[in-house]
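Colleague: I would like to know how you justify the terms you use. Can we go through them one at a time?

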Amino acid sequence: MNIIMNTLKIGFFITILFLSQISLGQKSDDLMMYRQDFQNISGKNTVSITSYEKDGNQYVYVGGFGNVDVYKLEKEGKLTPISNHELHLQKGPARGMVADNINGTDFLFIANKHGNVIETFKILDNGSIKRVALVADTDKTHLGTAITLQVIHMKKSSYLFIGGLEETPGLSCFKIQNDGKLTHVMSMKDDEKIHTDGIIGMYTKKIKGKTYLYTGGFQDNGVSSFRVYENGKFKNINNISDNTTDRYLTGAYPVTGVTFGDENYVVVGHRHHQYYKRDGFIKRPNFVYHGDGVSVFKINKKGALIPHFVLKDDETTKLQGQTRIEIVSTNNNEAILAIGTRDDASIQLLKLNKDGILSPINYLETGFSIYYGLRSVKIENTNFLIAGSNKFNFGKVVSYKISPKIIRKDKVIKHIVHLKYKDEATKAQIDEAVKAFVALKNKIPSIADFEWGLNDSTEGHTKGLTHTFVITFNDEHAREQYLFHDAHLALLKKYAPFFADAVVMDYWTAKN
């Protein structure tokens, strides 16, 4: 019920007394995610999220259908709204958003998926944005249903690589001018050899002065390697298709990479085609489902990819429907990765060691499906994840802090909600709202126990609050699933207008 506070725009302070339980010597195997804040968005859903540091401040850009919202991320993880902006023709969703500095000017590039354009926004001093350029799809480019963008800096120029989906699949390169305008350099149409039909993930790596680009092909189930030259031209190096033995590339989705000394790895996730209806959207419906997993490839001296390792999904992991892989942190020996999943509705933390071997750490069941909208941000020495969902009834962006896991053996969460209804709310409206709240216990499986009652105190310190609801959860996963459950969101949308005030507190206590 914490969303009440956001809905009513009521400030509240929650003191978390667990610092004494955290050992600074704990290893990466103990990391966990803890929600810090959430805010409403003006777009219809949260499809893509990116961030940018400007003048020592971290700004978060959240794109959905029709709009882009801008927030400042504070050092404690709070998201402060700054502005919101309409996309071209109010289309979208905003996909493949990437922010970068081009010869002294900060820009945000956005692929307007159904607007079939690439929009360039200048990032202003306060983190807000202003559109300065727009390039539309033509017969010579592959910007229709554009999804993924990647900036590549060469010695004298910077280029924007663009990948699309559906009607006009392929890979395109545009030179980025100093004013943010894009000039077409080269396009490569998808064919039966390369994997550029549905480029939802791209990764760039420079090796011994040479630049390489790696793409995932969602529809053609594989990954491709390209050499990029100083003038923005590019050529295909090698291509790896899905199989049923040492890789999981059916519906190749997120693509990223990690370097340890001379060893370079590319990490690829997938949202398997089994999670889609076979008729219509999926071009090759005669696939074989052979499980879910994250594939690791090693880059050889020629920039080509070589299959190296696969972490297979099992009962201890949440890897079904991977849509985003973010690098949280790296050092000489290991990297921490965060995997956003649409079908498991979770964020899975993984560790990649210098030998290219992945192992699971912990996961958080967020309570909402993650669809590309996941971003890792570091402020000072603290790592955060910013997440959103493609669900149209969600309409929020959420921040999580990554810190050592708190051991709460044999404890449960008590979630207490105190409510005051508006004077103009009728008894019938109040009774209806209370019945709807009580009905949640039968609609949300993560609720372990539920009770409620009317205030009976005569001490004079109730602040006008009249109704108290106490909900019990067995762990963090259960609380998140309740908070962002469709039934809870629907209740707030319908009955929050009747609330005059609320106090919400959570605490951990011994399990009975």
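Modeller: Yes, and keep in mind that this is a predicted model. Start with an open sheet of four strands, in the order β1-β28-β27-β26, with antiparallel pairing.

Colleague: What makes β1 and β26 the edge strands?

Modeller: Each of them, β1 (31–40) and β26 (374–379), pairs on one side only. Neighbouring strands of this sheet are turned by 25° against each other on average, direction ignored.

Colleague: How do you know that β27 and β28 pair?

Modeller: Pairing takes at least two bridges. Strands β27 (residues 382–388) and β28 (residues 396–404) have six, in the antiparallel sense. One bridge joins Gly388 to Val397 in β28.

Colleague: Which strands of the sheet does helix α3 touch?

Modeller: Helix α3 (residues 476–483) packs on the sheet and touches β1 and β28. Its direction makes about 20° with that of β1.

Colleague: What makes β20 and β21 a pair?

Modeller: The rule again asks for at least two bridges. Here β20 (residues 293–299) and β21 (residues 305–312) share seven, so they pair, in the antiparallel sense. Phe297 stands opposite Pro307 in β21. Five residues lie between the strands of this hairpin, where Gly303 takes a positive phi near 85°.

Colleague: Why do Val98 and Met202 count as lining the second largest pocket?

Modeller: A lining residue has an atom within 4 Å of a pocket point. The lining has 31 residues; Val98, Gln150, Met202, Arg324 and Arg375 lie nearest the pocket's centre. The lining divides into 16 nonpolar, eleven polar and four charged residues. About 730 Å³ of space lies in this pocket.

Notes:
Residues numbered from 1 in each chain as written. Predicted model: local features only at pLDDT ≥ 70, side-chain atom pairs only at ≥ 80, totals over all residues. Heavy atoms only, no water. 1 Å grid on protein atoms, 1.4 Å probe; cavity = no way out; pocket = protein on both sides within 12 Å on 5 of 7 lines; lining within 4 Å. Points joined across faces, edges and corners; volume = space filled by probe spheres on them. Nonpolar A, V, L, I, M, F, W, Y, C, P; charged D, E, K, R; others polar. Helix = DSSP H or I, 4+ residues; strand = E, 2+ residues; numbered from the N terminus. Axes fitted to C-alpha atoms, helices over the stretch in contact; angles between N-to-C directions. Contact = heavy atoms within 4.5 Å.
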